[in-house]
Amino acid sequence: MNEQNTPIEKIVIIGSGPAGWTAAIYAARANLSPVVYEGIPKQNPSLVLPGGQLMLTTEVDNFPGYPEGVEGPQLMNDIKKQALRFETRIKSLDVDTCDFTQRPFTLNVSDGSVVKAHCVIIATGATANWIGLDNEMRLARSGGGVSACAVCDGALPVFRDQPLAIVGGGDSAMEEASYLTKFASKVYVIHRRDEFRASKIMAQRVLDNPKCVPVWNSVVTDVLGEDKISGLQLKDTKTGEESTLDVKGLFVAIGHTPATKFLDPEQILLDDKGYIQMPVPHQSMTSIEGVFVAGDCADSLYRQAITAAGMGCKSAIDAERWLADQGIH
Ligand code: NAP
């Protein structure tokens, strides 16, 4: 089929985490027959799966509606199934590039196909940055006590009254360290320099907390333990000296990277870290009319499954209203 004969989709959703599937549920129920490009698995350097970060999460205890908790992949499967109950179509492909310079928009897909769309919702998420150690990734995937989200995993029984470690010196590391002190016997805050990057007030809260122990000028060089983490191998960044630290949990808080590299920053407004900007307060419209955004690719602050789902809902409602204004129903 040549490009001129390409059918025009009413709405294409890029991304298949809680934001993308929730947008699909709302768009499908509004009879917009959405297509979701759910992505293909990647390993560079950490694992990225269709379904997003919850696919790498063991127990989720804070998503409303699951009083007993739910496994991350099960939750994603449930949201996806709900989207499929209505008229959502799924493509297990990546969108490689987008041309938003004219409408309908043109999306180039990883199988070489081209898709035209009146409206696009970007919900590609963000990936947690990992240190990049083999044993770190192995134990993160197996639920062996390594996590990139203390708010998601810190309250699990396995971490109660245990010594835990946070890596990082930013606001996230401070917030997560303070949060973990509710459960842990001790929280080591391992930072590669001798001063936290975090705002003074958040850093001071950690320094004042008797359960928090800063470990300055240190990097983690290995994660010890077979099925469960038993400790960390550390290296002093100044002296090169190696040491071990006994901990029963490792929380990596060294920032996130939004999955927005496929977008052209000359077309769509991104911030200096690559997060998609939403110029109109409380709305999901991007700098391009007809392109909406939901979830962690536009949110460096909350990064929760439930906030991503909420943004997915908003984006579909905004998109439906915008399409109706264009006379597209
Ligand atoms: P961030 O500010 O970029 O901090 C990342 C931290 O990780 C830095 O201390 C950095 O060390 C360290 N780091 C980076 N790569 C590392 C590596 N490979 N090995 C060891 N350490 C590494 O990220 P964030 O803390 O996630 O915060 C992101 C944004 O959200 C910030 O703007 C933050 O203010 C905001 N935020 C705000 C709140 C709040 O106000 N409640 C809470 C959370 C986040 P260096 O310092 O040496 O570079």
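Me: A polar contact is a pair of N or O atoms within 3.5 Å; within protein, one must be able to donate a hydrogen and the other to accept it, and residues adjacent in sequence count only if both atoms are side-chain atoms. This is a predicted model, in which local features need pLDDT of at least 70 and side-chain atom pairs count only at pLDDT 80 or more, while totals for chains, interfaces and linings use all residues. Residues are numbered from 1 along each chain as its sequence is written, and side-chain values use heavy atoms, leaving out hydrogens and water. How far is an oxygen atom of the ligand from a polar backbone atom of glycine 169?

Reply: Let's start with two side chains that also reach the ligand. Arginine 193 places a polar side-chain atom 2.8 Å from a ligand oxygen, and glutamate 175 has one 3.0 Å from a ligand nitrogen. Glycine 169 uses its backbone instead, and the distance from its polar atom to an oxygen of the ligand is 3.0 Å.

Me: What share of the ligand's accessible area does the protein cover?

Reply: Accessible areas come from the Shrake-Rupley method with a 1.4 Å probe, and for residues only the protein chains shown count as cover. On its own, the ligand has 920 Å² of such area, and the share covered by the protein is 72%.

Me: Which helix gives the largest share of the shell around the ligand?

Reply: The shell takes in residues near the ligand, that is, with a heavy atom within 4 Å of it. It holds 16 residues, with Asp171, Ser172, Arg192, Arg193 and Arg197 coming nearest. By type they are four nonpolar, seven polar and five charged, where Ala, Val, Leu, Ile, Met, Phe, Trp, Tyr, Cys and Pro count as nonpolar, Asp, Glu, Lys and Arg as charged, and the others, Gly among them, as polar. With helices (H or I, at least four residues) and strands (E, at least two) taken as DSSP runs numbered from the N terminus, the largest share, three residues, comes from residues 171–180, which form helix 5.

Me: Is asparagine 217 buried or exposed?

Reply: Asparagine 217 lies in the loop between strand 15 (212–215) and strand 16 (218–224). It touches His191, Arg192, Arg193, Asp194, Lys235, Asp236, Thr237 and Lys238, not counting residues up to four places away in sequence, a contact being heavy atoms within 4.5 Å. Its side chain also reaches the backbone nitrogen of aspartate 194 at 3.3 Å. Buried means under 20% relative accessible area, exposed over 50% and partly exposed in between (1.4 Å probe, protein chains only); because asparagine 217 has 14%, the term is buried.

Me: Which strand supplies the largest share of the largest nonpolar core?

Reply: A nonpolar core is a set of buried Ala, Val, Leu, Ile, Met, Phe, Trp, Tyr and Cys residues joined through side-chain atoms within 4.5 Å. The largest one has 29 residues, among which Phe100, Leu107 and Ile122 touch the most other members. Contributors of at least two residues include strand 1 (8–14), strand 9 (105–109) and helix 7 (305–325). The largest share, four residues, comes from strand 10.

Me: Where is glutamine 267, and which residue's backbone nitrogen lies 2.8 Å from a polar atom of its side chain?

Reply: Glutamine 267 sits in the loop between strand 20 (256–258) and strand 21, and it is partly exposed because its relative accessibility is 23%. Beyond four places in sequence, glutamine 267 contacts Cys98, Asp99, Phe100, Thr101, Ser287 and Ile288. The backbone nitrogen at 2.8 Å from its side chain belongs to phenylalanine 100.

Me: Which residue is joined to proline 104 by a cis peptide bond?

Reply: Most residues other than glycine have a negative phi, and most peptide bonds are trans. Proline 104 lies in the loop between strand 8 and strand 9. Its cis bond, with omega about -5°, joins it to arginine 103.

Me: What positive phi does arginine 303 have?

Reply: Histidine 282 makes a good companion here, as a non-glycine residue with a positive phi of about 70°, and it is exposed because its relative accessible area is 73%. Arginine 303 is found between strand 21 and helix 7, and counts as buried because its relative accessibility is 18%. Although arginine 303 is not a glycine, its phi is positive, at about 55°.
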